[in-house]
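Here is a short report for a reader new to this structure. It moves from domains to helices, then to cores and the chain contact.

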Amino acid sequence: MPESLYAHPRVYDVAHDFRDYAWECDAVLAWAARVLGRPPRRALEVACGPAYHACELGRRGLEVHGLDLSPLMGAYARERAARAGVRLETHAGDMMAFDLADPPFDLALCMIDSTLHVPTVDRMVDHLRAVARHLGPSGAYVIEQNHPAQYLGRRALVDLEWTERDPETGLEVWIRYEDPGARLDPITQIASVTVTTRVREPGRPERRLVDETRLRVWLAGEMEAAIRLSGAFAIAARHADFEPDAPFDDGLESWRMIHVLRKTA
Amino acid sequence: MTPPASPRAGPPGDSPADKPYNEPELYDIAFDFRDVPADVDVILGWATRAGSGRAPRRTLELACGPAYHTIELARRGIAAEGLDLTPAMRAYAVEKARRAGVAIEVHGADMVDFDLGPDRRYDLTLCLLESLSHVYTLDAMLSHLASVRRHLVPGGIYVTEQSHPFDHLTDDRPVHSDWVRERGDVEIETFWGKKDDEFDPTTQVRVAQVEMRVRRGGREERVIRETCRMKVWLAPEMEAAIRLSGAFEIVERHGGWRLDSPFDDAEDSWRMIHVLRAR
């Protein structure tokens, strides 16, 4: 039985470290400042994985925390941040039910479509309430998901297969996500997909990692209803790109569904 | 004659300017493809089952158009009423019922927000085909559900029919359809939606291009072209909206017009039907 990608945080990191996280954080900080009326100081990245965004925010002087289900991933993210000179505090916990003893944050973020792991409207409500409990008054929550055109209208907006190489170690990762849009149960909006990873490393035999995973596709209409059902947030803004004033539409530059929420209760 | 596998139409909804809705007789011919008595058997079965064994005595069909089902309910001795936004359609439905030997009342109102007065309380309301695609936003849906709830007796039933999410979330079934119906010497070929319809996945609204080709005695008499804005409602979104309304509980969901039609992604599951009970 092949091992799981999630048991190999460094491989996961190399495969996913290709976005412009500095540019994305410019927008996240601008959005958060609009909600808060001031720049955010303490941020929590939920389902953080290697915590790309939290790490970048830490570089900019914010106090940063990461939450991930996997303690292994948390430890990896902490070390990765430390190498960049950032102190990242990590917590092992489920994004749909977590309880941290820390004082309230003023910004929470959930990036790169981690909500694919939230299976139902009920669980989304649990998730939103859990995040809201960890925010101070008028705290901001930024959720980034796939753009609905990926599923409704079926425009290919993201790559599902690619190769990344870490120039320092020579570690090379090829990864392929089966298209959830093509395997979707149209009623539950859940797709069972296989994620296949091949790892090449100097001086080691090639390794293959396989994950069977159930991903829940979230669309705009039901997000609005779930946010309202949570009673915890209001939608401050929606965007389809990491530009502070990018509209949420189906334009040529549109490729993500980003909700900027303001805590209301 | 090929009845549509998946009729995309909404009967009269929000937009009285939509020409097909202002051509009630043509519309009536084009959409006369259902086995209405069989549908009504099923609806009454669901309503009786969900209403703890009590058969409905007074009904209201929302966005009723030519009132196919309301006329059938009236034939069975039920006090059946309709509601529609388009005056021409209302007049047509009343006259059609009269010709069928029954009297129905059809109210002029917008299904998103209506108040027919304190004496109008029903034990069953219906919204069929895809009229709910004319409810474009979550707020409009909440207002609609609240309006329906206000007109139901305690424990009253609301049956809604919408397109199956399969049509929108997979490549397997086209969202556009065309079909031919005839009555007397009139033959109508209807195209409801086309391949290149505008669709915005952020609002989930499609602008369906509608074309009705009317032939009389084998000669093309006229072509009606119009666009129709239709909001795609998906299953978890409906569930969340219904819960948010606080007005209803979901008693049953069905994928077709049989008393027990599982709502799943099997081949013969082709509609999204909710049986709701007033809270």
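Chain A is divided into two parts: domain 1 (5–148 + 217–263) and domain 2 (161–215). The model is a predicted one. The centres of domain 1 and domain 2 of chain A, taken over C-alpha atoms, are separated by 22 Å. Domain 1 of chain A gives 11 residues to the contact, and domain 2 of chain A gives 17 residues. On the side of domain 1 of chain A that touches domain 2 of chain A, 9 residues are nonpolar, 1 is polar and 1 is charged.

Next, a pair of helices. Helix 2 (residues 21–36) of chain A and helix 3 (residues 52–59) of chain A have axes that come within 9 Å. Those axes cross at roughly 75 degrees. Angles of 65 to 115 degrees count as roughly perpendicular, so helix 2 and helix 3 of chain A are roughly perpendicular to each other. Helix 2 of chain A makes the contact with Tyr21(A), Ala22(A), Glu24(A), Cys25(A) and Val28(A). Helix 3 of chain A brings Tyr52(A), His53(A), Glu56(A) and Leu57(A).

The residue classes of three contacts are set out below.

| Residues | Nonpolar | Polar | Charged |
|---|---|---|---|
| Contact of helix 2 of chain A with helix 3 of chain A | 6 residues | 1 residue | 2 residues |
| Side of domain 1 of chain A that touches domain 2 of chain A | 9 residues | 1 residue | 1 residue |
| Side of chain B that touches chain A | 14 residues | 4 residues | 7 residues |

Now the cores. In soluble globular proteins, nonpolar side chains tend to be buried together. Here the largest nonpolar core holds 144 residues. Which of them touch the most other members? They are Ala43(A), Val46(A), Ala108(A), Ala140(A), Tyr141(A), Val142(A) and Val159(B). Domain 1 and domain 2 of chain A each supply at least three residues to this core. Another core, of 9 residues, lies apart from it. Its members include Val14(A), Val173(A), Ile175(A) and Val199(A).

Tyr141(A) deserves a look. Not counting residues up to four places away in sequence, Tyr141(A) touches Ala108(A), Val131(A), Leu135(A), Phe233(A), Leu261(A) and Lys263(A).

Last, the two chains. Their contact takes 24 residues from chain A and 25 residues from chain B. On the side of chain B that touches chain A, helix 6 (166–169), strand 8 (198–200) and helix 7 (235–245) of chain B each supply at least two residues. Helix 7 of chain B gives the most to that side, with 8 residues.

Note on methods. Residues are numbered from 1 along each chain as its sequence is written. Chains are lettered from A and ligands numbered from 1 in the order in which they are written. This is a predicted model: local features need pLDDT of at least 70, side-chain atom pairs count only at pLDDT 80 or more; totals for chains, interfaces and linings use all residues. Two residues are in contact if their C-beta atoms, placed from the backbone, lie within 7 Å. Helices (H or I, at least four residues) and strands (E, at least two) are DSSP runs, numbered from the N terminus. Ala, Val, Leu, Ile, Met, Phe, Trp, Tyr, Cys and Pro count as nonpolar, Asp, Glu, Lys and Arg as charged, and the others, Gly among them, as polar. A nonpolar core is a set of buried Ala, Val, Leu, Ile, Met, Phe, Trp, Tyr and Cys residues joined through C-beta atoms within 7 Å. A residue is buried if 20 or more other C-beta atoms lie within 10 Å of its own, exposed if 12 or fewer, and partly exposed in between; C-beta atoms are placed from the backbone. Domain bounds come from an automatic or database domain assignment. Axes are lines fitted to C-alpha atoms, for helices over the stretch in contact, and angles run from 0 to 180 degrees between N-to-C directions. Angles under 35 degrees count as roughly parallel, over 145 as roughly antiparallel, 65 to 115 as roughly perpendicular and the rest as oblique.
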